[in-house]
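Dear colleague,

I am passing on the structure we spoke about, and you will find the sequence and the coordinates just below. My notes on what turned up in the model follow after that.

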Amino acid sequence: MRFLRRKKIIILLLVLCAALIVFFIDFNTARSKGILYGIDFSGAYTDRNGTLLKVYLTGDETYRIYKSVSEYPLDFLEALLLQEDKRFFLHHGVNPVSLIRAALQTYVKRSKRIGASTITMQTAKLKYKLYTKNPAGKLRQIFLALRLELLFSKQEILDAYINLAPCGKNIEGFEAASRYFFAQPIEQTDFSQRLMLCVLPQDPVRRCPRPDAVPDELMQARSRLFERWVQEHPEYEESRAFMQKPPRLHCAFPEKALHFTRMLESASKIKKGSVRTPARTLLRTSIDMRLQDITEQTLQLYVRQRQGIGITNAAALLVDWETMETLAAAGSAGFYNNAILGQIDANISKRSPGSLLKPFIYALALDQGLIHYGTMLKDTPSAFSEYMPDNYGNTFKGPIKAWNALTQSRNIPAVELARKIHKPDLYDLLVSAGVSGLKHKDSYGLSIVLGSADLTPFELTGLYAALKNGGVQYPIQNTVRTFFPSDTANSAANGKAGQSNAKRLFSQEAAFIVCKMLEQNPPPEDTQSSDFAGMRIGYKTGTSIGFKDCWTVGFFGQYVLCIWLGNFDGTGNNSFLGRTAAAPLFFSIAGRIHSAGLCRNAAEYVPENVKQIDVCAVSGGLPNGDCPDTEKAWFIPGVSPITKCRIHRKITVDTRTGYRTDERDKSYCKNVVREFWPSDLMKLFAEAGLPRLVPPDYPDANKKMNNGRSGFPPEIVSPLKNTVYIFRSGTPEKNVLILNAVADADTSELFWFAGSSFIARCSPSEPYVWKPAPGFYELTVSDGKGRSDSINVNIQGAN
């Protein structure tokens with residue numbers, strides 16, 4: 001018997017130890033998680049100044065906005081306790097006297113059902129979703145209320161209750177109710193409105209107000225609470241007349257910046273999972289409602305005015321490049337317009353950017369010493385292996401300065417530069433910039449220059465902001481987070497230099513020069529320049545293949561603005577041209593922002609290693625002493641090319657015959673400056689009806705061979721260097737190579753050789769069709785003056 005008694009004691013002690021362990025674990029787990037753990041709260045977003053933009057439903061289809069009890073007005077909390085639980089800070093979760101009285105009335109006398117729930121008991125009911133209209137449910141509520149009192153402080157329990165209290169419809173918590181019924185946070189409500197909120201939870205169905213009517217039950221309940229309040233606060237007696245009036249009601253949550261807030265809400269749900277833990281404040285976004293309203297209203301008006309030409313949708317994104325904060329975002333011309341699929345957000349949609357990536361080709365070319373601001377580029381018909389780009393309208397400008405080629409968006413110069421840049425090339429830059437969804441580099445080739453890689457407006461805006469930030473890319477911030485000074489571009493760049501997520505894409509010098517290029521882009525027709533007096537504007541337009549998308553992205557003041565026009569279903573429209581459709585909207589929004597006094601011209605910082613030098617006004621090369629005119633061009637010493645002008649050359653001619661001569665000691669010899677244009681440009685001039693004078697040659701080229709070599713050798717442009725050509729069996733008509741070279745102006749014939757074997761003789765403007773067998777060839781072209789160029793060609797056979 002003694003053994004059995006000892007065994008029972010040991011078992012009892014073990015059970016007690018296990019219970020204590022479970023209690024300890026439960027206590028610490030519950031304490032660490034808090035009362036509101038597992039309850040989903042609404043995503044609620046404000047602009048940068050605290051104006052509510054949008055409130056989203058929780059997973060259980062309820063509106064809950066968390067606000068700490070410490071942020072509530074004291075008179076509201078005191079009135080709430082007076083209404084719900086006057087002895088809240090005195091009891092331990094349950095009021096026994098009230099429970100006994102309620103039990104007698106409800107279950108013994110059965111006169112009427114009355115409640116006896118304390119705030120702690122109500123919190124337990126709301127937290128655990130209890131059914132308390134029977135004794136079992138009430139007992140469970142009492143047990144859980146005692147548990148809450150044991151685990152948490154009174155302030156924590158009150159904090160949970162004010163965020164879970166039912167306030168009518170599917171609204172829980174007094175902050176959500178205040179935002180819904182009065183369109184303002186609870187601390188901005190008046191006392192009558194606060195009393196109305198206090199009495200809602202006791203009968204949220206019958207007392208819930210509507211925009212067109214305030215229930216009598218609500219008014220009477222508020223009056224009763226006011227009477228009790230006046231007994232304890234006589235100084236409020238003078239407010240009695242005011243309490244007789246129905247409160248001003250709004251009864252709706254705002255719906256502003258819908259695409260932007262939904263983007264943040266989706267990202268938050270992905271990050272936090274299906275249940276959102278209570279945030280300590282509303283999420284304060286970077287949106288400025290003044291700029292948001294201007295952007296949306298201007299965009300919608302612009303679309304309405306142009307519906308006649310098929311423009312029905314547009315999007316805009318405005319970012320402060322100094323703080324990298326999103327200030328305005330309109331993802332379509334109408335969120336609820338189903339005809340345009342308006343709920344799609346263009347700002348996060350991948351679209352073909354057309355020519356918008358060309359500035360970054362020029363930035364890389366500047367860094368790699370291929371060009372300077374005024375370098376002469378060629379806009380002539382060209383083929384790059386099997387890729388043959390052309391310009392809009394199939395027109396060619398011939399010789400064109402680098403800055404002008406960019407502002408006029410000429411395709412051939414951009415593709416030619418893209419072919420020459422390497423490590424990094426444009427694809428490498430996009431990868432470094434974090435552009436998502438890119439295919440393998442070989443999938444694009446040179447077509448990436450003209451928009452074959454899709455980007456979002458957010459990605460494009462970030463790239464253009466890097467131009468203003470000295471070549472450094474910083475992530476766009478969608479919440480208020482100013483982390484560096486913004487006095488000048490230099491201070492902004494220096495202030496952001498310490499950011500671990502910053503990436504240098506190109507040099508500060510290249511970024512500055514590209515910005516100066518873009519600032520030369522003239523505004524579209526009918527734009528009032530007086531609207532932008534004193535403001536530097538640089539921008540680039542783009543049009544995708546098939547006229548499916550058109551764009552304008554640029555900077556003015558402290559802003560970068562991205563404009564997209566198109567159709568979400570991919571339907572093309574020949575009205576979708578960047579310069580004539582998107583650019584006017586860009587300038588309309590920029591003009592309204594400037595007129596509203598919301599734009600300032602950020603101070604311009606010129607990098608120390610950027611200089612302005614004199615270059616030949618025609619060729620863009622360094623003056624060679626024979627150039628008649630010069631102009632200024634931005635230049636990076638030690639990086640930019642130092643090639644002298646090859647167009648202007650001084651020659652000696654015999655005034656009697658007009659031929660060149662070396663006999664300079666005779667009185668009939670004369671020194672003159674002539675333009676020596678390469679053969680491809682000479683051909684283009686002739687086709688345009690503007691033939692250039694061919695410089696005179698020696699009467700006997702062979703006799704003057706040595707002097708003839710003073711010119712420039714021909715340059716092979718087709719086939720391409722470092723390119724493998726594949727000849728497939730079964731298609732002999734396609735197994736050919738086009739031999740083409742550019743020659744100096746004094747060259748009339750070219751001679752082609754494969755090793756020592758002669759291939760053909762032709763003029764510089766006459767491409768030759770060569771039909772070789774697969775193999776490895778050393779291909780050489782030579783002019784009549786002994787100047788030559790050679791490349792290696794690898795031709796492989798395939799089935």
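Is strand β13 (residues 549–556) mostly covered or mostly exposed? In this model, which is a predicted one, strand β13 is mostly covered, since eight of its eight residues are buried. The cover extends to both faces of the strand: D549, W551, V553 and F555 are buried on one side, and C550, T552, G554 and F556 are buried on the other. The split into two sets follows the general rule that in a regular strand the side chains alternate between the two faces of the sheet.

The neighbours of β13 are worth describing in turn. On the N-terminal side of the sequence, strand β12 (residues 537–543) runs antiparallel to β13 and is joined to it by seven bridges, with I537 standing opposite F556. These two strands, β12 and β13, form a hairpin that has five residues between them, and within its turn G546 has a positive phi of about 80°.

Strand β14 (residues 559–566) also runs antiparallel to β13, and here eight bridges make the connection. The bridge partner of F556 in β14 is Y559, so that F556 has a partner in β12, namely I537, as well as one in β14. The hairpin formed by β13 and β14 has two residues between the strands, and G557, which lies in that turn, has a positive phi of about 55°.

Elsewhere in the chain there is an open sheet of three strands, whose order is β19-β21-β24 and whose pairing is antiparallel. Its edge strands are β19 (715–718) and β24 (768–770), each of which pairs on one side only, and the twist from one strand to the next averages 35°. Between β19 and strand β21 (residues 737–742), which run antiparallel, there are three bridges, and S718 stands opposite N740 of β21.

For the protein chain as a whole, the model contains 23 helices and 26 strands, and 52% of the 799 residues count as buried. When one takes the contacts between residues at least 6 apart in sequence, 67% of them join residues that are at least 24 apart. The chain exposes about 37800 Å², of which carbon and sulfur atoms supply 53%.

With kind regards

Key. Residues numbered from 1 in each chain as written. Predicted model: local features only at pLDDT ≥ 70, side-chain atom pairs only at ≥ 80, totals over all residues. Heavy atoms only, no water. Buried < 20%, exposed > 50% of the residue type's maximum accessible area, 1.4 Å probe, protein only. Helix = DSSP H or I, 4+ residues; strand = E, 2+ residues; numbered from the N terminus. Pairing = 2+ DSSP bridges. Axes fitted to C-alpha atoms, helices over the stretch in contact; angles between N-to-C directions. Contact = heavy atoms within 4.5 Å. Areas by Shrake-Rupley, 256 points an atom, 1.4 Å probe, with all protein chains shown as cover.
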